[in-house]
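Work through the exercises below with the sequence and the structure side by side, and try each task before reading its solution.

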Amino acid sequence: VQLQASGGGLVQAGGSLRLSCAASGRTFSFYDMGWFRQAPGNEREFVAAITASAGNTYYADSVKGRFTISRDNAKNTVYLQMNSMKPEDTAVYYCAAGLIGAYSPSHYYRTGSYDYWGQGTLVTVSS
């Protein structure tokens, strides 16, 4: 699976952006998908995840209520809608794919649970 993230850019605090992650291959619908982010000097951190069937979604506490993850398996694409953005949301955002299939949410929060990663897209939120 190859992943291509897009949609990053510069936005003012309180604004919105939608990230997209297009996947190659016909097996996209089998994969659980996640979004992570990495700010300068920080470790990569979990943002949101969605199961293959889109039956479950998971969010970091820092984005809960502001960000929404969704997927369109017909278009091989996963999205991250980001609203009410804050300067601390500034980071490079990465999409990832993995065959996690776990009932415990904690598995989705771990970078090691994902096998494929996109190249990242930069999001900058100005105050």
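**Exercise 1: the neighbours of one strand**

In this predicted model, glycine 9 stands opposite valine 123 in E11. Starting from this contact, find which strands pair with E11, and in which sense, parallel or antiparallel.

Solution. Begin with strand E2, which spans residues 9-12 and pairs with E11 in the parallel sense over four bridges. Next take valine 92, which stands opposite leucine 122 in E11. E9 and E11 pair in the antiparallel sense, and this pairing runs over three bridges.

**Exercise 2: the two faces of E11**

Sort the residues of strand E11 (residues 121-126) into a covered and an uncovered face.

Solution. The step to start from is that side chains in a regular strand alternate between the two faces of the sheet. In E11 the covered face holds Thr121, Val123 and Val125, whereas the uncovered one holds Leu122, Thr124 and Ser126. Valine 123, the residue opposite glycine 9, therefore belongs to the covered face, and leucine 122, opposite valine 92, to the uncovered one.

**Exercise 3: aromatic pairs**

How many aromatic pairs are there, counting rings whose centres lie within 6.5 Å? Classify the pair of phenylalanine 46 and tyrosine 109 and that of tyrosine 58 and tyrosine 108, and say where their members lie.

Solution. The count comes to seven aromatic pairs. In one of them, phenylalanine 46 and tyrosine 109 are 4.7 Å apart centre to centre with 45 degrees between the planes, and the pair is tilted. Phenylalanine 46 lies in strand E5 (residues 45-50) and tyrosine 109 in the loop between strand E9 (91-98) and strand E10 (116-117), so the pair ties together parts that are 63 residues apart in sequence. Phenylalanine 46, at 10% relative accessibility, counts as buried, while tyrosine 109 is partly exposed, with a relative accessible area of 37%.

For tyrosine 58 and tyrosine 108, the centres are 4.8 Å apart and the planes 20 degrees; since stacked requires under 30 degrees, this pair is stacked. Tyrosine 58 sits in strand E6 (residues 57-59) and tyrosine 108 in the loop between E9 and E10, so that parts 50 residues apart are linked. Both tyrosines, 58 and 108, are buried.

**Exercise 4: a cluster and two charges**

Which residues form one aromatic cluster with Phe46 and Tyr109, and over which rings do the charged ends of arginine 44 and arginine 71 sit?

Solution. The cluster joins Phe46 and Tyr109 with Phe36, Tyr114 and Trp117. The charged end of arginine 44 sits over the ring of tyrosine 94, 3.7 Å from its centre, and that of arginine 71 over the ring of phenylalanine 28, 4.5 Å from its centre.

Note on methods:
Residues are numbered from 1 along each chain as its sequence is written. This is a predicted model: local features need pLDDT of at least 70, side-chain atom pairs count only at pLDDT 80 or more; totals for chains, interfaces and linings use all residues. Side-chain values use heavy atoms; hydrogens and water are left out. Rings of Phe, Tyr and Trp (its six-membered ring) pair if their centres lie within 6.5 Å; planes under 30 degrees apart count as stacked, over 60 as edge-to-face and the rest as tilted. Buried means under 20% relative accessible area, exposed over 50%, partly exposed in between (1.4 Å probe, protein chains only). A charge sits over a ring if NZ of Lys or CZ of Arg is within 6 Å of the ring centre and within 35 degrees of the ring normal. Two strands pair if DSSP finds at least two bridges between them.
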